[in-house]
Amino acid sequence: MKSTKTPKSTKKSNVQEVLDSLTLQEKINLLNGVGSWYTSDANGKLPVTMMTDGPHGLRKQGAEQNLSDINDSIQSTCFPTASCVANSWDLDLMAEMSGAIADQALKEEVAMVLGCGMNIKRSPMCGRNFEYFSEDPLLAGSLAASYIEAMQSKNVGTSIKHFCCNNQETRRQSSDSIVDERALREIYLRPFEIAVRNTQPTTMMASYNKVNGKYSCMNKEIINDIVRGEWGYEGAIISDWGAAVNIPECIKAGLDLAMPGSGGYQPDELMKAYNEGRLSEEEINRSASKVIELVLRVANNPKVEVDYEKHHQLARKIAANSAVLLKNDGVLPLSSKQKDIVVIGQMADEISFQGGGSSHINAFTGPDAIESLKAAGFNVHYAPAYPADDAVESTTAEEFQRLAQEAVALAKEAEIKKMPVLLFCGLTNRTEGEGFDRHDMNLPAEQLTVIKKVLQMNKNIIVVAFGGSPFAIPFVDEVSAILHMYLAGEASGEACVDLLTGKVNPSGKLSETYPFSEKDVPSKATWGKEIPAIEYRESIFTGYRFYDTFNVPVQYEFGYGLSYTKFAYTGLEVSASDFDATDADSAIGNVGATCGYAAGASKSKKNLKVKFTVKNVGKTAGAEVVQIYVKNPKADYLRPSRELRAFTKVYLEPGKSKKVTVELDAKAFCLYDVNAKQYVAPSGSYEIQVAASLNDVKLKKAVKVKGVKYAANDRERLASYFAAEPEASKTKSASKVAVKSKVEKTSKAEKKPAVNVDDLFTHEDFAKLYAKPLPEDPSPTVGTYTIYNNMNEAAELSPLCKKIRDKTVEKIVNDAVKRGRSPNDPAVKIGIGGSTENPLESIILLSVRQFSENMAEAIVNLANNKKFAALKCFLKGKKKK
């Protein structure tokens with residue numbers, strides 16, 4: 001994907017000229033936002049720029065919207081979420097979507113879209129996974145690069161987020177992600193590195209959480225030394241909303257802009273730090289220059305007209321090309337001769353097409369699945385089967401029973417009359433969303449209950465599923481087909497019917513692994529826990545890197561997806577059998593099928609050309625996602641068995657073939673050497689694998705790599721990282737796995753893990769791997785509580801603080817109910833989390849000082865058992881009002 005326009009450049013002389021014209025106070029004011037979405041105009045010396053949430057649409061809140069209600073925004077196109085479009089593996093399609101969002105931003109005079117989200121999916125149960133692309137850094141980084149390049153080609157700014165290691169919603173405002181350096185570099189930083197080196201995103205958004213003991217916004221090693229020093233990043237680093245606590249230290253560490261506006265609190269803190277000698281004017285100037293450069297670059301864009309119907313059809317195309325066909329026993333596509341069809345499941349009527357939280361789009365209304373089926377000429381017989389998501393808690397047992405009985409009766413009628421049955425199910429806003437995590441992989445109980453009853457009556461069922469992240473499918477062997485739409489945007493209903501009828505051939509492939517259960521997830525020992533320190537004990541073994549290396553069976557492997565046609569792979573050629581990979585550190589690595597693009601073209605002149613032919617041997621036109629894995633040599637150091645190193649998507653008419661060429665450079669064979677502080681490629685024999693999915697390798701060829709001698713002996717030092725490595729005699733070749741029948745592949749009886757996850761990755765071995773003293777994250781005690789602690793921690797120390805916290809939560813819930821919202825709405829959960837988990841200073845910022853410094857100081861005194869001092873602060877605060 002190449003950009004067609006060059007973004008507006010900003011000369012350093014122009015930035016310096018503006019900087020020289022500013023007073024110290026004006027410079028300081030630039031380092032904090034104004035209101036919720038704007039930059040400072042420096043007393044009229046700069047244009048005002050507006051930023052809004054994305055990333056799969058425009059969530060603009062204008063003058064007519066209630067800023068405290070994240071669901072209240074202008075109407076805009078809701079495109080498929082990141083978790084959905086990632087399954088397309090299509091960089092050009094990603095660019096089309098990003099360009100359309102940019103056009104809507106230009107129409108609405110929005111200078112910067114806060115996206116894309118690109119955190120690695122450490123666990124399939126993270127509530128915000130729908131906003132992220134993948135468990136694999138190459139796929140996530142490539143899609144992000146395409147998104148950024150397309151948007152910035154129209155001079156609309158981007159903000160890649162949430163940097164970094166923001167991999168759970170539980171305690172996201174205060175948890176400490178403790179990650180060893182190899183995992184940090186190879187897994188969690190790598191997608192951001194791909195994006196930065198290739199596209200220079202306008203901004204990067206630092207996350208709420210700590211990383212290795214320091215909040216991201218004040219983590220100099222990450223946001224300055226690595227991002228600017230090593231990667232050469234030139235843009236601005238901004239904070240997530242309310243994340244920049246202790247702003248003088250954040251600016252010193254390399255943060256440039258704290259969002260949102262704080263009612264003057266943060267500028268006051270910065271001026272105080274300057275006057276006390278804790279912050280220099282040089283440090284202020286450095287950050288102010290970055291903000292000036294940002295503003296001059298994206299301000300004053302011309303407005304454009306937008307064809308929203310055209311964008312709706314684009315959303316439909318993206319959804320159809322991203323859906324994944326998980327199972328098909330020949331029942332799809334639906335026969336054009338059968339016009340009567342049964343639809344079971346309330347989700348057909350109210351499709352779950354986007355996630356809840358700050359990315360929630362006020363979408364244009366599109367037809368649901370039932371309306372779309374009728375428009376396609378079907379006679380639909382419908383039973384809701386279970387209540388709407390927002391009515392589950394108020395539904396009586398009798399009503400549940402009535403709904404189930406109606407569904408079962410309709411399923412029985414369909415069996416007798418040989419009518420196809422579409423069963424709609426999936427995750428809902430109650431079960432996944434920003435601000436909270438799931439702790440099991442089950443579908444909602446009300447859906448599972450009725451599904452079991454329906455399947456007792458009729459096995460000829462086609463499941464149509466929705467949701468932003470993996471879920472267990474215990475009934476997989478009892479149904480005829482499963483089409484997974486993910487969260488497919490406002491055109492979900494139409495796209496779904498396009499796929500069911502064969503108007504569009506499914507071509508999506510999973511961008512994440514579907515384990516059988518939460519018990520198989522490698523991060524389960526520490527992920528999502530209500531504790532301050534979250535050790536990433538699994539290290540580099542996240543997602544398929546774990547399941548493949550440790551021989552753990554999964555329900556659906558990474559890269560899996562079926563089609564209505566078949567493809568043949570032949571004629572593998574690799575340009576060299578010996579490859580010099582000594583420049584692994586300077587090599588840029590891949591974006592999709594090529595070694596870098598645009599500004600990030602590979603500095604290495606050495607690369608491998610991998611050539612092969614793909615042919616459509618079926619009777620239907622279709623697209624095939626081709627995946628290139630590198631199988632690493634066996635070693636006594638930590639290394640995944642295989643890693644995705646390139647990919648491309650090939651569209652072919654029936655009977656047609658295409659010669660495909662994919663590039664690889666030295667990055668395809670590398671790991672991060674923590675002692676040398678650089679990427680290296682260990683010498684050895686590697687295998688290039690051309691695959692349709694991780695477990696469906698079509699072609700392979702060995703390559704002897706000349707790199708460095710890398711002789712770390714982790715096997716003795718870190719025994720629990722090797723304890724369950726499969727013996728060679730037990731390891732099945734990929735080709736054998738590929739020829740299993742679909743029934744065998746998905747059979748629950750086949751789940752025989754060769755490993756007990758509980759025996760792996762011990763705390764003791766992780767401490768050795770971390771190789772430094774582990775950060776200490778003690779809970780505060782009486783006498784140590786500060787403004788950088790939260791209300792939940794205060795409630796543990798003081799009964800009065802507990803009453804204040806509980807009253808605050810009660811008010812948030814009651815206000816939501818008055819507005820017609822469920823307490824389980826993600827927007828409500830975000831409000832509760834922000835009030836109870838954010839540091840007190842963050843609440844000052846987000847409330848624009850309505851929660852005042854005096855109130856915060858009173859809480860601090862109460863938590864430290866200084867009741868008289870607390871009373872003085874309360875009274876002082878009341879007097880100021």
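Q: What makes two strands pair?
A: Two strands pair if DSSP finds at least two bridges between them.

Q: How many bridges join β6 to β9, and what follows under the rule for pairing?
A: In this predicted model, four bridges join β6, residues 203-206, to β9. At least two are required, so β6 and β9 count as paired. The two strands run parallel.

Q: Which residue of β9 stands opposite M205?
A: The residue opposite M205 is I238.

Q: What is the order of the strands in the sheet with parallel pairing, and what makes two of them edge strands?
A: The order in this open sheet of five strands is β1-β3-β4-β6-β9. β1 (51-53) and β9 (236-239) are the edge strands because each pairs on one side only. From one strand to the next, the twist averages 25°.

Q: How does the direction of α5 compare with that of β4: roughly parallel or roughly antiparallel?
A: Helix α5, residues 137-152, packs on the sheet and touches β3 (112-114) and β4 (157-163). Its direction makes about 155° with that of β4. Angles over 145 degrees count as roughly antiparallel, so α5 is roughly antiparallel to β4.

Q: What is the angle of α7 to β4, and which class does it fall into?
A: Helix α7, residues 190-199, lies across β4 and β6 and runs at about 160° to β4. This value is also over 145, and therefore α7 is roughly antiparallel to β4.

Q: Why is α6 called oblique to α7?
A: Helix α6 (residues 181-188) packs with α7 at an angle of about 50°, their axes being 5 Å apart. An angle of about 50° is not under 35, not within 65 to 115 and not over 145, so α6 is oblique to α7.

Q: Which residues make the contact of α6 with α7, and how do they divide by character?
A: From α6 come L184, R185, E186, I187 and Y188, and from α7 come R190, P191 and F192. They divide into five nonpolar, no polar and three charged residues. R185, E186 and R190 are the charged ones, because Arg and Glu count as charged.

Q: What is the order of the strands in the sheet with antiparallel pairing, and which are its edge strands?
A: This open sheet of three strands has the order β18-β20-β23. Its edge strands, each pairing on one side only, are β18 (567-574) and β23 (657-664). Neighbouring strands are turned by 25° against each other on average, direction ignored.

Q: How do you know that β18 and β20 pair?
A: Six bridges join β18 to β20, residues 608-616, and the requirement is at least two, so the two strands pair. They run antiparallel, and F567 stands opposite N616 in β20.

Note on methods: Residues are numbered from 1 along each chain as its sequence is written. This is a predicted model: local features need pLDDT of at least 70, side-chain atom pairs count only at pLDDT 80 or more; totals for chains, interfaces and linings use all residues. Side-chain values use heavy atoms; hydrogens and water are left out. Axes are lines fitted to C-alpha atoms, for helices over the stretch in contact, and angles run from 0 to 180 degrees between N-to-C directions. Contact means heavy atoms within 4.5 Å.
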